[in-house]
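Look at the structure below with two topics in mind: the packing of a helix pair and the lining of a pocket.

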Amino acid sequence: MGFFLETIFGGLMAGMLYALVALGFVLIFKASGVFNFAQGAMVLFAALAMARFAEWIPKWLGFQSVVLGAVLGFIAAAACMVVVAWLIERLALRRLVNQEGITLLMATLGISYVLDGAGQLIFGSATYKIDIGMPKDPLLVLENVFEGGLLLSKEDLYAAVIAAALVVALTLFFQKTSTGRALRAVADDHQAAQSIGIPLARIWVIVWSIGGIVALVAGMIWGSKLGVQFSISLVALKAFPVVILGGLTSVPGAILGGLIIGTGEKVSEIYLGPFLGGGIENWFAYVLALAVLLVRPQGLFGDKIIDRV
């Protein structure tokens, strides 16, 4: 039972990180109706920016504090993502207002390749380290309940707390603020939102900035765990089935979808892997998403679209 609970906990922690990347997809789709294929590239670009600024700023200002360098690096990377959001709106989205969804989708694919190339050009293509002070040592709990106790990762626990706090903040922002309501109005109908005075350009800059900061947090956590390398952008591929499972327009759905997939793939790999030859973690999420699409195309919490003829 102790080993089973360790597996469940590890899956939940991985699921929170998947959900964090999926949040970027949900936020941008919820507020602009664009399925953002560039989210993985945004995670990579943001992580590269933070890693390099955390290295460069102490040299520029002449101090040695790793913590201060990480804080200033995060602030500089967040500002960088806001600039990226402004450029995306000014150079791409502004010219595609009220275009077909497939047009916007192809635009985000182009943005993805541009960000990948710009990341290499500006920040380099090596593997970089992000040190935000998260403890690497394990934590032993419930020694009196299970023989040998449960061995948990403090780093995963801290990452889950950060992800949960960001989710709560974003949920409150969308539900309780006038800007959040304006974002949802733009998602429902661009032309109607413009007709009542909602500035579409400003709203798109805001939502892409939020998506960029969410990508930065995800990249910071993944970079702290694994180092910043170009394979980080592939993490977004695992977020696709998370979004499909939870629903394209649901923030709680992204969280629950991430937890289900993270837990399911860990449990399947441990208990079914020996019988199926292993490698279940690589395809479990996609098979589950396909199964959900067959019975509930809008996902667990997605809005059901009804067309009247």
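When two helix axes are compared, an angle under 35 degrees counts as roughly parallel, one over 145 as roughly antiparallel, one of 65 to 115 as roughly perpendicular, and the rest as oblique. The model shown here is predicted. In it, helix H10, residues 251-271, packs against helix H12, residues 280-295, at an angle of about 135°. H10 and H12 are therefore oblique to each other. Their axes lie 9 Å apart, and the crossing of H10 and H12 is right-handed.

Which residues in H10 and H12 meet? On the H10 side they are Ile260, Ile261, Gly264, Glu265, Lys266, Ser268 and Glu269. On the H12 side they are Ile280, Glu281, Phe284, Ala285 and Leu288. Sorted by class, this contact of H10 with H12 has six nonpolar, two polar and four charged residues.

The second topic is a pocket. The second largest pocket has a volume of about 250 Å³. It is lined by 13 residues, of which Val84, Leu87, Ile88, Val114 and Leu115 are the closest to its centre.

Where does this lining come from? Helix H3 (66-91) and helix H4 (101-123) each supply at least two residues of the lining of the second largest pocket. H3 gives the most, with six residues. By class, the lining has 13 nonpolar, no polar and no charged residues. The contact of H10 with H12, by comparison, includes two polar and four charged residues.

Notes. Residues numbered from 1 in each chain as written. Predicted model: local features only at pLDDT ≥ 70, side-chain atom pairs only at ≥ 80, totals over all residues. Heavy atoms only, no water. Axes fitted to C-alpha atoms, helices over the stretch in contact; angles between N-to-C directions. Helix = DSSP H or I, 4+ residues; strand = E, 2+ residues; numbered from the N terminus. Left-handed = near helix turned anticlockwise from the far one by under 90°. Contact = heavy atoms within 4.5 Å. Nonpolar A, V, L, I, M, F, W, Y, C, P; charged D, E, K, R; others polar. 1 Å grid on protein atoms, 1.4 Å probe; cavity = no way out; pocket = protein on both sides within 12 Å on 5 of 7 lines; lining within 4 Å. Points joined across faces, edges and corners; volume = space filled by probe spheres on them.
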